[in-house]
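Dear colleague,

I am passing the structure below on to you, and after it I set out what was found. Please read the notes with the coordinates open beside them.

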Amino acid sequence: MSHEDVLNPKQMPHDPEKATLEGENKFLAFWFFLGGETVLFASLFGTYIALNSSTVGENTPEHLFGLELVFIMTMMLLTSSLTSVYAMYHMKNHDFRKMQTWLAITVLLGLAFLGFEIYEFFHYVHEYEFTFGSSAFASAFYTLVGFHGAHVLFGLSWIVTLMLRNQKRGLNLYNAPKFYVASLYWHFIDVVWVFIFTVVYLMGKVG
């Protein structure tokens with residue numbers, strides 16, 4: 001029997017994402033990839049911290065940032081991390097339909113987060129004329145937050161692609177590691193946002 005064959009729940013191991021050598025290799029490759037991503041984001045955070053005081057006029061973190069919208073965005077992204085956990089719980093219990101349902105909820109929350117982020121950028125540009133080239137602070141801010149937004153979009157595309165490609169295939173030992181690694185990546189995106197919320201918005205607002 002091929003590991004790509006759909007197995008019934010009685011045939012599936014308890015941890016289908018780690019049941020094959022290929023699955024374990026995916027985890028190993030993922031951690032290497034995540035190490036590179038961590039270094040990249042650390043560089044962007046360092047650049048932002050170094051430049052966040054290089055402002056022009058009234059466009060300072062204290063003046064620009066409103067915590068109400070950012071708090072809603074944070075709750076959305078953290079909730080999406082929880083729904084992703086529920087999806088992987090159902091994967092381990094071999095319920096493909098419920099896994100897909102919770103992943104769909106994760107995607108909707110992620111899209112809502114992106115929508116609010118686009119609105120936030122639009123608001124800064126049109127209300128305060130705070131553009132990428134306004135100051136060193138502006139460039140560092142848009143690079144860090146925008147780069148995270150690009151990662152959210154990539155994560156959503158990854159999850160949606162897996163859902164669509166495997167909709168008729170069901171769960172098997174070949175695609176289970178892919179779903180699990182995508183879920184881990186989504187958690188990584190959420191953790192990075194917690195740091196952005198703290199370093200950029202909270203510290204920016206309190207000075």
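Please keep in mind throughout that this is a predicted model. Helix α3, which covers residues 67–92, has 26 residues and reaches 37 Å from its first C-alpha to its last, close to the 38 Å expected at 1.5 Å a residue. Just after α3, H94 takes a positive phi of about 60 degrees, and you may wish to look at that residue when you inspect the end of the helix.

A second place to look is H151, which sits in helix α5 (residues 136–165). With a relative accessibility of 8%, H151 counts as buried, because the cut-off for that class is under 20%. Leaving aside the neighbours within four places in sequence, H151 is in contact with E37, F41, Y185 and I189. One of these partners, Y185, is 34 residues away from H151 along the chain, and the C-alpha atoms of the two are separated by 9.5 Å.

Y185 also leads to the aromatic residues. The count of aromatic pairs comes to 29. Among them is the pair of F154 and Y185, which is edge-to-face, with 5.6 Å from centre to centre and 85 degrees between the planes. This pair links distant parts of the chain, since F154 belongs to helix α5 and Y185 to helix α6 (residues 176–206), 31 residues apart. The two partners are in separate accessibility classes: F154 is partly exposed, with a relative accessible area of 45%, whereas Y185 is buried, with a relative accessible area of 1%.

Y185 pairs with W158 as well: the ring centres are 5.4 Å apart and the planes stand at 50 degrees, so the pair is tilted. Because W158 lies in helix α5 and Y185 in helix α6, this pair ties together parts that are 27 residues apart in sequence. W158 itself counts as partly exposed, at 23% relative accessibility.

What, finally, do ring pairs link into a cluster? The members are Y48, F65, F113, F121, Y124, F130, F137, F141, Y142, W193 and Y201.

To bring the points about Y185 together, this buried residue is in contact with H151, forms an edge-to-face pair with F154 and forms a tilted pair with W158.

With best regards

Definitions and conventions:
Residues numbered from 1 in each chain as written. Predicted model: local features only at pLDDT ≥ 70, side-chain atom pairs only at ≥ 80, totals over all residues. Heavy atoms only, no water. Helix = DSSP H or I, 4+ residues; strand = E, 2+ residues; numbered from the N terminus. Expected span 1.5 Å × (residues − 1). Buried < 20%, exposed > 50% of the residue type's maximum accessible area, 1.4 Å probe, protein only. Contact = heavy atoms within 4.5 Å. Phe/Tyr/Trp six-rings, centres within 6.5 Å; stacked < 30°, edge-to-face > 60°.
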